[in-house]
Amino acid sequence: AGQADDDGREREVLQARGVLVIADNGMIIDTILNAMAMGLADVAPAVYTTILYVAENLLTILVPSSSSLAALTMPIFGPLTELVGLNPEGAVTALCLAEPMMTIIAPRVPSLSRVWPCARSA
């Protein structure tokens, strides 16, 4: 079961990387960044980081692997944070805080889901 879980995670990272390559080569990321930066130009830093945190939380539900989530979101959120005028480490911090919080609220890792019934009966 352990090897199968590792193969699944590896496949997810590769799929996220594939989406990123297509989006990068098709200039899709640049278009998204430009539109988002223009929309967030006048937003206060505290509001922007809160929006980023909520977005990372929501994406954590859809993307079960933290590595895949980072591979998918950092190429967009890192430069976007710079375009808004903040340190790009803010995007990394939002990811580092949002992913574990959502994992606690909505566990979706099969091994963790199997442990819950045991913890409940104890």
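Which residues make a nonpolar surface patch of about 400 Å²? The residues are V54, L58, I61 and L62. More on that patch below, after a quick tour.

## Ground rules

This is a predicted model, so local features need pLDDT of at least 70 and side-chain atom pairs count only at pLDDT 80 or more, while totals for chains, interfaces and linings use all residues. Residues are numbered from 1 along each chain as its sequence is written, and side-chain values use heavy atoms, with hydrogens and water left out.

## The overall build

The chain has six helices and zero strands, which gives the pattern α-α-α-α-α-α when you read along the sequence. Helices here are DSSP runs of H or I with at least four residues, strands are E runs of at least two, and both are numbered from the N terminus.

Of the 122 residues, 26% count as buried. That label means under 20% relative accessible area; exposed means over 50%, and partly exposed is what lies in between (1.4 Å probe, protein chains only). About 7,600 Å² of the chain is exposed, and carbon and sulfur atoms supply 67% of that area. Accessible areas come from the Shrake-Rupley method with a 1.4 Å probe, and for residues only the protein chains shown count as cover.

As for contacts (heavy atoms within 4.5 Å), take those in the chain with a separation of 6 or more: residues 24 or more positions apart account for 67% of them.

## Helix α3 and its patch

Helix α3 covers residues 45–62. V54 is found in this helix and is partly exposed because its relative accessible area is 42%. Back to the patch of V54, L58, I61 and L62: patches are made of residues with over 30% relative accessible area and no salt bridge, joining like charges within 9 Å and nonpolar side chains (Val, Leu, Ile, Met, Phe, Trp, Tyr) within 5 Å. A salt bridge, in turn, is a side-chain nitrogen of Lys or Arg within 4 Å of a carboxyl oxygen of Asp or Glu.

I51 also lies in α3 and counts as partly exposed because its relative accessibility is 42%. The C-alpha atoms of I51 and A94 are separated by 9.5 Å, with their positions 43 residues apart along the chain.

## N57 and L59

Is N57 of α3 buried or exposed? N57 is buried, because its relative accessibility is 11%. Leaving aside residues up to four places away in sequence, N57 touches A98, M101 and M102.

L59 counts as partly exposed because its relative accessibility is 25%. With the same neighbours in sequence left out, L59 touches L69, T73 and F77. L59 and L95 are 36 residues apart along the chain, and their C-alpha atoms are separated by 9.9 Å.

## Where α4 meets α5

Helix α4 (residues 66–84) packs against helix α5 (residues 89–105) at an angle of about 145°, with the axes 9 Å apart. On the α4 side, the contact is made by S66, L69, A70, T73, M74, F77, G78 and T81; α5 brings A91, V92, L95 and E99. Axes are lines fitted to C-alpha atoms, for helices over the stretch in contact, and angles run from 0 to 180 degrees between N-to-C directions.

The α4 and α5 crossing is right-handed. The term applies if the near helix is turned clockwise from the far one by less than a right angle, and left-handed applies if anticlockwise.

## Helix α1

D24 lies in helix α1 (residues 2–25). This residue is partly exposed because its relative accessibility is 44%. D24 and P75 are 51 residues apart in sequence and 9.1 Å apart in space, C-alpha to C-alpha.
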